[in-house]
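I opened this model to look up its overall build first and a handful of residues afterwards. My notes are below, in the order I made them.

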Amino acid sequence: MISTPEQFVQLHKSALDSFQAAALASMEGIEKLAELNMQAARASIDESTEVVKSLIEAKDVKAFADLASTGAQPAAEKFAAYAKHVFEITSATNAELVKLVEKQFADSNKQLYSAIDAMARNAPAGSEGVVNMVKQAVSSANTAFDQVSKATKQVVELAEANMAAAAKSSPVRAAKKAA
């Protein structure tokens, strides 16, 4: 419960710090994605230029067809690597944001329980039932949050496992093994 202006200022300072941390974590993720995209674009331009030069220099139709068909496999590998990097960056950013939300939620819970305790100490006689009901409602909300948080973590872990399995059994790797 906020009883002094200093507590009010501290509450807002804490909220601002949390917002700043979330914004910075998001910006770091965006910067990493932008850097990855710039690297991919540069590599794509360089590789495309080399492929076009090779195609122009092809002496006959067979050489042209061979060059055209061999370009698909490296492109698929590069796309798979690119997708993996994007997934890693977004997963890391998401993990950082989840930590921040969990910390903010824990801090908010401490403040809420402190306010409920202060309310209980100052409540008139006979209002214990209402105080207990409020405590139970907060406890139920915390339990629901924990369940949603655990389910979300399981979904993220499943997605990461699926991504790893897909990378191991990709058609590109299967084609390499067959060759």
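The entries go from the whole chain to single residues.

**Entry 1: confidence**

I began by noting that this is a predicted model. I looked up the confidence and found a mean pLDDT of 81 for the protein, with 91% of its residues at 70 or more. Next I asked which element has the lowest mean pLDDT and which the highest. Helix H5 (residues 171-178) has the lowest, at 48, and helix H1 (residues 5-57) has the highest, at 88. I wrote myself a reminder that predicted coordinates should not be read in detail where pLDDT is low.

**Entry 2: elements and overall form**

I asked how many helices and strands the protein has. I found five helices and zero strands. Read from the N terminus, the order of elements is α-α-α-α-α.

I then checked the overall dimensions. Along the principal axes, the C-alpha atoms fill a box of roughly 95 × 35 × 15 Å. The radius of gyration of the protein is 28 Å, whereas a compact globule of 179 residues would have one near 16 Å.

I also looked up how much of the chain is covered. Of the 179 residues, 9% count as buried. The accessible surface of the protein is about 13200 Å², and carbon and sulfur atoms account for 65% of this surface.

For contacts, I took those with a separation of 6 or more and found that 73% of them join residues 24 or more positions apart. For charges, I noted 19 positive and 21 negative side chains. The centres of these two sets lie 5 Å apart.

**Entry 3: Leu 67 in helix H2**

I found Leu 67 in helix H2 (residues 61-70). Leu 67 has a relative accessible area of 33%, so I put it down as partly exposed. Leaving out residues up to four places away in sequence, Leu 67 touches Ser 54, Leu 55 and Ala 58. For one of these, Ser 54, I also looked up the C-alpha distance to Leu 67: 7.5 Å, with their positions 13 residues apart along the chain.

**Entry 4: four residues of helix H3**

I went through helix H3 (residues 72-122) in sequence order.

I started with Thr 93, which lies in helix H3. Is Thr 93 buried or exposed? Thr 93 is buried, because its relative accessible area is 17% and the cut-off for buried is under 20%. Not counting residues up to four places away in sequence, Thr 93 touches Ala 25, Ser 26 and Gly 29.

Asn 94 also lies in helix H3. With a relative accessible area of 35%, Asn 94 is partly exposed. I looked up its C-alpha distance to Val 148, which is 54 residues away along the chain, and got 15 Å.

Glu 102 has its place in helix H3 too. Its relative accessible area is 26%, so I listed Glu 102 as partly exposed. Which residues does Glu 102 touch, not counting those up to four places away in sequence? They are Ser 149 and Lys 153. I also took the C-alpha distance from Glu 102 to Glu 77: the two are 25 residues apart in sequence and 37 Å apart in space.

Ala 115 was my last residue in helix H3. Ala 115 counts as buried because its relative accessibility is 18%. Between the C-alpha atoms of Ala 115 and Ala 25 I found 31 Å, for a separation of 90 residues along the chain.

**Entry 5: Asn 142 in helix H4**

I finished with Asn 142, which lies in helix H4 (residues 128-168). Asn 142 has a relative accessibility of 11% and therefore counts as buried. What is Asn 142 in contact with, leaving aside its neighbours within four places in sequence? I found Phe 105, Asn 109 and Tyr 113.

**Entry 6: looking back**

I went back over the buried residues in my notes. Thr 93 touches residues that include Ala 25 and Gly 29, and Asn 142 has contacts that include Phe 105 and Tyr 113. For the chain in total, 9% of the residues count as buried.

Notes:
Residues are numbered from 1 along each chain as its sequence is written. This is a predicted model: local features need pLDDT of at least 70, side-chain atom pairs count only at pLDDT 80 or more; totals for chains, interfaces and linings use all residues. Side-chain values use heavy atoms; hydrogens and water are left out. Helices (H or I, at least four residues) and strands (E, at least two) are DSSP runs, numbered from the N terminus. Buried means under 20% relative accessible area, exposed over 50%, partly exposed in between (1.4 Å probe, protein chains only). The radius of gyration is taken over C-alpha atoms; the globule rule is 2.2 Å times the number of residues to the power 0.38. Contact means heavy atoms within 4.5 Å. Accessible areas come from the Shrake-Rupley method with a 1.4 Å probe; for residues, only the protein chains shown count as cover. Lys and Arg count as positive and Asp and Glu as negative; His and the chain ends are not counted. The place of a charge is taken as NZ of Lys, CZ of Arg, CG of Asp or CD of Glu. pLDDT is the predictor's confidence in each residue, from 0 to 100.
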